[in-house]
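Student: I'd like to go through this model and ask how each label is earned. Can we start once it's on screen?

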Amino acid sequence: QVQLVESGGGLVQAGGSLRLSCATSGRTFTNYAAAWFRRAPGKEREFVAAINWNGGNTYYADSVKGRFTISRDNAKNTVYLQMNSLKPEDTAIYYCAADRVYSGSYYYTQESSYGYWGQGTQVTVSS
């Protein structure tokens with residue numbers, strides 16, 4: 001069993017930065033891929049970024065590529081999302097997810113690949 005708790009959300013002006021953290025518990029986390037998804041007001045939840053179990057492979061949505069960086073510290077059982085050059089359209093609830101994921105970029109981007117989810121953290125970017 002893996003529990004996920006996100007933190008680091010808040011209100012920031014456009015162009016600013018935030019770093020989200022996802023603290024996990026459970027001895028199996030180091031074997032799991034992890035990802036960030038987000039749900040904007042009135043929209044469905046969408047993929048943001050993912051990372052494989054050892055951090056060797058990362059995947060990004062086109063909308064955040066070059067601005068966001070996903071990383072993990074398995075010694076601390078924590079996944080991070082560094083968000084730079086934030087835009088108002090990045091406003092959303094951000095969710096952390098984890099599970100074993102089949103190899104191949106497609107599977108890392110799919111909600112159905114992840115069985116463990118956090119409760120979410122709000123990110124609001126003002127213009």
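Student: Which backbone nitrogen does the side chain of Asp99 reach, and what makes that a polar contact?

Tutor: The side chain of Asp99 reaches the backbone nitrogen of Gly115 at 2.8 Å. A polar contact is a pair of N or O atoms within 3.5 Å, where one must be able to donate a hydrogen and the other to accept it, and sequence-adjacent residues count only if both atoms are side-chain atoms, so the pair of Asp99 and Gly115 at 2.8 Å fits. Keep in mind that this is a predicted model, where local features need pLDDT of at least 70, side-chain atom pairs count only at pLDDT 80 or more, and totals for chains, interfaces and linings use all residues. Residues are numbered from 1 along each chain as its sequence is written, and side-chain values use heavy atoms, without hydrogens and water.

Student: How do you know that Asp99 has no salt bridge?

Tutor: The nearest side chain of opposite charge, Arg100, is 6.1 Å away. A salt bridge needs a side-chain nitrogen of Lys or Arg within 4 Å of a carboxyl oxygen of Asp or Glu, so Asp99 has none, though it is buried (under 20% relative accessible area, 1.4 Å probe, protein chains only).

Student: Why is Asn77 called partly exposed?

Tutor: Exposed means over 50%, and partly exposed lies between that and buried. Asn77 has 23% relative accessibility, so it counts as partly exposed. Ser85, at 40%, counts as partly exposed too.

Student: What makes the phi of Asn77 worth a look?

Tutor: Asn77 has a positive phi of about 50° although it is not a glycine. Most residues other than glycine have a negative phi. Ser85 also has a positive phi of about 50°.

Definitions and conventions
Lys and Arg count as positive and Asp and Glu as negative; His and the chain ends are not counted.
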